[in-house]
Amino acid sequence: MLEAIVAGLAGILDLRTFAVMLLGIAIGFVVGILPGLGGPVALALMLPFTFGMSPVEGFAFLLGMWVVTSTAGDITSVLFGVPGEATSAAAVLDGYPLTRKGQGGRALGAVLSSSAIGAIVGAVVLALTISIIRPVVLAFGPPEFFMLTVVGLTFVITLSSGAMLKGFVMVSLGLLVATIGIDPQLGIPRYTGDQLYLWDGVNIVPLVVGLFGGAEVLQIMLSKKSIASAPAGPARLTGTLAGVRDAFRHWSVVVRSAAIGVGVGSLPGVGGTVTQWIAYGQARQASKNPELFGKGAIDGVVAAGATNNARDAGSLIPTIAFGIPSGASSAVLLGGFMILGLNPGQEMLDENLHVTFSMVWIMIVSNIIAVALAVALARPLTLLTRVPGPVLVPGLLLLLLVGAFTATNSYGDILVMLCAAGVGVACIRWGWPRVPFLLAVVLGGLGEEYLNLSTTLFGTSWVTRPGVLVLALIGVASIVFGIRAGRRRAQRAEPAEPREMERNA
């Protein structure tokens with residue numbers, strides 16, 4: 001195995017292979033910054049260019065591009081509140097508030113460095129577990145996947161900053177939106193209003209772009225101020241290294257979030273959008289100051305950054321081991337296997353083991369290069385947050401429109417984005433959480449599909465499966481923990497004077 005590891009590293013250090021990888025990194029960096037395009041779209045567009053390449057060169061190009069999109073997507077999420085990727089939305093929650101406080105450099109340093117560390121952790125786990133993960137993944141069936149969606153919803157309800165009832169209401173509304181489209185059982189349209197566009201349901205990309213990015217851009221437009229409200233100064237613009245130190249100071253959050261990214265990312269069909277919220281919810285529950293989450297908590301930024309690239313490594317595990325993609329990106333990447341003449345499974349773990357380890361090295365090296373590039377650009381990028389709102393808003397609106405339209409090249413996506421932006425502004429104005437609504441839309445369709453499969457295959461006996469029971473206990477524990485944490489916060493918030501008067505009485 002050591003020989004394969006060394007051969008994999010030597011393969012990507014070949015001059016031609018390294019140059020192809022740099023080209024992929026550059027494309028991924030641009031795609032990640034532009035909202036809406038996403039890793040799957042970039043992979044699909046670039047896949048034909050791998051014809052004639054060797055396997056290592058092809059993966060250097062495709063993987064180098066794919067893993068960098070997640071890292072670059074965090075940049076616009078942190079600086080402008082516009083998720084570059086649907087899987088970068090969690091970085092908006094605390095990264096953007098820090099930017100508004102004039103600490104954009106610190107937030108960028110934290111999210112980028114934690115992303116690099118998460119990528120390394122994920123790549124190491126990929127290297128260690130690629131040959132033994134098969135029985136673990138195969139142990140999960142539709143019942144376990146359904147319960148995993150339920151656990152994801154319970155986690156996100158507890159994220160609602162002490163307002164669990166509001167979180168529950170937003171989850172319910174999100175589940176209602178998730179029912180729009182063709183009924184998977186009966187094959188008839190539901191709540192589509194005779195609009196053909198809605199037959200496939202509400203697309204997640206314009207929803208994310210509008211709910212987070214559109215709402216924040218509208219806030220900037222209405223305020224007529226720059227994004228960063230704090231006065232400009234050298235200390236503010238050179239806080240990138242402070243953010244890097246924050247990531248290492250919260251190393252336990254980085255490791256836990258990366259572990260969640262690898263674990264959940266390796267489960268086929270769950271998706272990266274779910275993974276980030278599970279990791280973010282875990283970080284909030286474990287934090288000593290959970291009330292700061294959503295207002296500029298640096299450990300929230302670290303958790304969001306560490307999850308992304310670790311999730312990408314996790315999604316490669318079932319793809320390489322036995323040809324089961326865990327999401328859209330890995331499904332497109334599976335097409336790359338075929339173009340390059342490789343067969344997932346035993347072949348990748350035996351005669352082409354050096355190619356497998358070259359993929360591990362590509363993930364590590366690509367992320368280090370991308371993070372170094374982003375850190376070098378942090379200062380000029382942060383300066384954009386000082387630009388007055390009336391000057392900056394037109395460019396941001398163009399990004400929003402492009403990001404929404406490229407989802408399916410339909411004007412319906414733009415309408416969805418505008419409606420989602422209105423919902424986002426209302427949520428900000430009246431203090432309702434946006435995350436539960438978004439995650440419920442994402443998980444609603446998955447949960448319905450897995451529930452239908454579970455009842456079809458197992459009847460009602462699936463509820464007694466060990467995996468289902470374990471996941472159910474985790475969900476219950478999450479709700480109980482959230483209720484207890486909410487009560488403790490309420491007690492701490494009680495005025496001191498009434499308690500003193502009670503004691504005197």
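**A predicted model, read from its contacts**

E448 counts as partly exposed at 22% relative accessibility, where buried means under 20% relative accessible area, exposed over 50%, and partly exposed in between (1.4 Å probe, protein chains only). This is a predicted model, in which local features need pLDDT of at least 70 and side-chain atom pairs count only at pLDDT 80 or more, whereas totals for chains, interfaces and linings use all residues. Residues are numbered from 1 along each chain as its sequence is written, and side-chain values use heavy atoms, with hydrogens and water left out.

The protein has 505 residues, and 55% of them count as buried. Its secondary structure comes to 24 helices and 2 strands, these being DSSP runs (H or I over at least four residues for a helix, E over at least two for a strand) numbered from the N terminus. Of the contacts between residues at least 6 apart in sequence, 79% join residues at least 24 apart, a contact meaning heavy atoms within 4.5 Å. The accessible surface amounts to about 21000 Å², and 69% of that area belongs to carbon and sulfur atoms, as computed by the Shrake-Rupley method with a 1.4 Å probe, only the protein chains shown counting as cover for residues.

Salt bridges offer a way to follow how separate stretches of the chain meet. The whole structure holds 5 of them, each a side-chain nitrogen of Lys or Arg within 4 Å of a carboxyl oxygen of Asp or Glu. In one, the side chain of E448 meets that of R190, with 2.9 Å from N to O. This pair links distant parts of the chain, since R190 belongs to strand β2 and E448 to helix α22, 258 residues apart. R190 counts as buried at 16% relative accessibility, whereas E448 is the partly exposed residue with which this account began.

A second bridge pairs R465 with E144, the closest N and O atoms being 2.9 Å apart. Here too distant parts of the chain are linked, because R465 lies in the loop between α22 and α23 (466-493) while E144 lies in helix α8 (residues 142-157), 321 residues away in sequence. R465 is partly exposed, with a relative accessible area of 23%, and E144 counts as buried at 4%.

A third bridge joins the side chains of R106 and D246, at 2.6 Å from N to O. The partners come from distant parts of the chain, R106 from helix α6 (residues 104-129) and D246 from helix α12 (residues 240-249), and are 140 residues apart. R106 is partly exposed, with a relative accessible area of 23%, while D246 is buried, with a value of 3%.

Helix α22, which supplies E448, covers residues 435-458, and its 24 residues reach 33 Å from first to last C-alpha, close to the 34 Å expected at 1.5 Å a residue, the expected span being 1.5 Å times one less than the number of residues. The helix has a kink of about 35° centred on L443, where the bend is the angle between axes fitted to the seven residues ending there and the seven starting there. Just after α22, G459 takes a positive phi of about 65°.

On the other side of α22 in sequence, W432 is found in the loop between α21 (411-430) and α22, and it is partly exposed with a relative accessible area of 32%. W432 belongs to a nonpolar surface patch of about 750 Å², together with L165, F168, V169, L173, L176 and W430. The largest share of this patch, 5 residues, comes from helix α9 (residues 164-178). Patches are made of residues with over 30% relative accessible area and no salt bridge, like charges being joined within 9 Å and nonpolar side chains (Val, Leu, Ile, Met, Phe, Trp, Tyr) within 5 Å.

The two strands complete the tour. G181 lies in strand β1 (residues 181-182) and is buried, with a relative accessible area of 2%. Leaving aside residues up to four places away in sequence, G181 touches I188, P189, R190, T192, L198, W199 and G201. Although G181 and T192 are 11 residues apart along the chain, their C-alpha atoms are separated by 6.1 Å.

Y191 lies in the loop between β2 (189-190) and α10 (204-223). Most residues other than glycine have a negative phi. Y191 is not a glycine, yet it has a positive phi of about 55°, and at 62% relative accessibility it counts as exposed.
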